[in-house]
Amino acid sequence: DDGVSIKAYDVVGVGPAPCSNVTIRRTNVVSRNICVGAATEGGVSDILFEDVSVGDPDTVTSPWAIKFKVSTGHLRNITFRRLQIGRIGDTPWMYPNNAPGDAFHVDIRPPANATRSPPTIEGLTFEDISVVAVTSVGHISGPPTGVQNLTLRNITVQSAGNGWGGC
């Protein structure tokens, strides 16, 4: 499944189990991607990915590079710094046709349980990132207030495919 996955559960009988103060450095994710979610109900904060490579520069190994799947919880202060992203797109084993192909894929969905407050991401930073090739640079879906304080700084894409996928 995901190469690296950050999760924060709401443990039955115990309560929220937040995920915070995590640093991942000097890591090579060869297959799949980095994912935050789908379990985020406990809250995710102060996460740093630094000097990480995702994928391969010559061969497509993932349908997306960085993926957020969020339907509950509050996420804050998540930074991706000095990343190298290879070729992202259709893979023979998953999404052989029409893969999302996003370098940055942020999907915020309403909570399944109507009593929970809508999820939010605050303080999301992508900086000093180099991308070889993608179908789409990125895609953000969700409510207009779902992502606050988004920073994209010094991102280089050699082959941007369809450009930015949308918001």
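Let's start with Thr40: at 0% relative accessibility, this residue counts as buried, where buried means under 20% relative accessible area, exposed means over 50%, and partly exposed is in between (1.4 Å probe, protein chains only). A word on the source: this is a predicted model, so local features need pLDDT of at least 70, side-chain atom pairs count only at pLDDT 80 or more, and totals for chains, interfaces and linings use all residues. Residues are numbered from 1 along each chain as its sequence is written, and side-chain values use heavy atoms, with hydrogens and water left out.

Back to Thr40, which sits in the loop between strand 5 (34–38) and strand 6 (44–54). Strands here are DSSP runs (E, at least two residues), numbered from the N terminus. Setting aside residues up to four places away in sequence, Thr40 touches Ala8, Lys69, Val70, Ser71, Thr72, Gly73, His74 and Leu75; contact means heavy atoms within 4.5 Å.

Another threonine in a loop is Thr91, placed between strand 8 (74–87) and strand 9 (102–108). Thr91 counts as buried because its relative accessibility is 1%. If you follow the chain from Thr91 to Ser159, they are 68 residues apart, and their C-alpha atoms are separated by 17 Å.

Now for some backbone details. The peptide bond from Gly37 to Ala38 is cis, with omega near 5 degrees, and Ala38 belongs to strand 5. Two arginines have positive phi values, as set out here.

| Residue | Phi | Strand | Relative accessibility |
|---|---|---|---|
| Arg26 | near 45 degrees | strand 4 (residues 19–29) | 68%, exposed |
| Arg82 | about 55 degrees | strand 8 | 37%, partly exposed |

Neither Arg26 nor Arg82 is a glycine, which is worth keeping in view when you look at their backbones.

What about the inside? The largest nonpolar core has 36 residues. Such a core is a set of buried Ala, Val, Leu, Ile, Met, Phe, Trp, Tyr and Cys residues joined through side-chain atoms within 4.5 Å. The residues with the most contacts inside this core are Val44, Phe49, Ile66, Phe68, Phe80, Ile85 and Ile121. In soluble globular proteins, nonpolar side chains tend to be buried together.

Take Val44 from that group. Leaving out neighbours within four places in sequence, Val44 is in contact with Ile6, Ala8, Cys19, Val36, His74, Leu75, Arg76 and Ile78. Ala8, His74 and Leu75 also appear among the residues that Thr40 touches.

Methods. Helix = DSSP H or I, 4+ residues; strand = E, 2+ residues; numbered from the N terminus.
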